[in-house]
Amino acid sequence: MQAKIPQEAQHYYTTKTFSAQSAPDALQQEHRTAEDVWGELVVEQGEVVFERLAEPRGSWRVTPEARWVIEPGVPHRVSPSPDALFHLELYRTSDRNARGA
């Protein structure tokens, strides 16, 4: 079952739209968000495989029909299809929102 972004989390950043060619290598290698940061993978075109690298491990194909929630601190990576376009929306649950950090 997919996680849900907590109601108290506040949106603080949306990345630019990436393609398979422009997606940063760091997104395609193991990485994680900070412990207070939730992410949402938004696929605009094609598909992106989201791979969770912590237990319970798993791999999911994300398409424009559904967004994928990325839990704080969980190691993961993405693999876009050749025709993919996608972006990330980031949310914080801490008071860093108020400080602009």
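The questions and answers below concern the side-chain packing and charge pairs of a predicted model.

Visitor: Which residues touch the most other members of the largest nonpolar core?

Guide: This core has 14 residues, and strand S3 (37-45), strand S4 (48-52), strand S6 (68-70) and strand S8 (85-92) each supply at least two of them. In soluble globular proteins, nonpolar side chains tend to be buried together. The members that touch the most others are Leu41, Val48, Phe50 and Phe86.

Visitor: How many residues apart in sequence are the parts that the pair of Phe18 and Phe86 ties together?

Guide: A search of the whole structure finds four aromatic pairs, and one of them, formed by Phe18 and Phe86, is tilted, at 5.7 Å centre to centre with 50° between the planes. Phe18 is buried at a relative accessible area of 8%, and Phe86 is buried at 0%. Because Phe18 lies in strand S2 (residues 18-19) and Phe86 in strand S8, the parts tied together are apart in sequence by 68 residues.

Visitor: Is Trp60, the partner of Phe50 in a tilted aromatic pair, buried or partly exposed?

Guide: Phe50 and Trp60 are 6.4 Å apart centre to centre, with 35° between the planes, and they link strand S4 to strand S5 (residues 58-62). Phe50 is buried, with a relative accessible area of 4%. For Trp60 the relative accessibility is 31%, and since buried means under 20% and exposed over 50%, Trp60 counts as partly exposed.

Visitor: Which residue joins Phe50 and Trp60 in one aromatic cluster?

Guide: Leaving aside neighbours within four places in sequence, Phe50 is in contact with residues including Leu41, Trp60, Trp68 and Ile70. Of these contacts, the one that forms a single aromatic cluster with Phe50 and Trp60 is Trp68.

Visitor: Which residues are joined into one network by salt bridges that share partners?

Guide: Arg67 forms a salt bridge with Glu40, the closest N and O atoms being 3.1 Å apart, and another with Glu89, where the closest N and O atoms are 3.4 Å apart. Arg67, in the loop between S5 and S6, is thereby tied to Glu40 in strand S3, 27 residues apart in sequence, and to Glu89 in strand S8, 22 residues apart. Arg67 is partly exposed at 40%, whereas Glu40 is buried at 12% and Glu89 is buried at 13%. The network therefore consists of Glu40, Arg67 and Glu89.

Visitor: What is the N to O distance in the salt bridge of Glu47 and Arg61?

Guide: Glu47 lies in the loop between S3 and S4 and Arg61 in strand S5, 14 residues apart. Glu47 is partly exposed at 25% relative accessibility, while Arg61 is exposed at 59%. Their side chains meet in a salt bridge with an N to O distance of 2.7 Å.

Notes. Residues numbered from 1 in each chain as written. Predicted model: local features only at pLDDT ≥ 70, side-chain atom pairs only at ≥ 80, totals over all residues. Heavy atoms only, no water. Core = buried A, V, L, I, M, F, W, Y, C linked by side-chain atoms within 4.5 Å. Buried < 20%, exposed > 50% of the residue type's maximum accessible area, 1.4 Å probe, protein only. Helix = DSSP H or I, 4+ residues; strand = E, 2+ residues; numbered from the N terminus. Contact = heavy atoms within 4.5 Å. Phe/Tyr/Trp six-rings, centres within 6.5 Å; stacked < 30°, edge-to-face > 60°. Salt bridge = Lys/Arg side-chain N within 4 Å of Asp/Glu carboxyl O.
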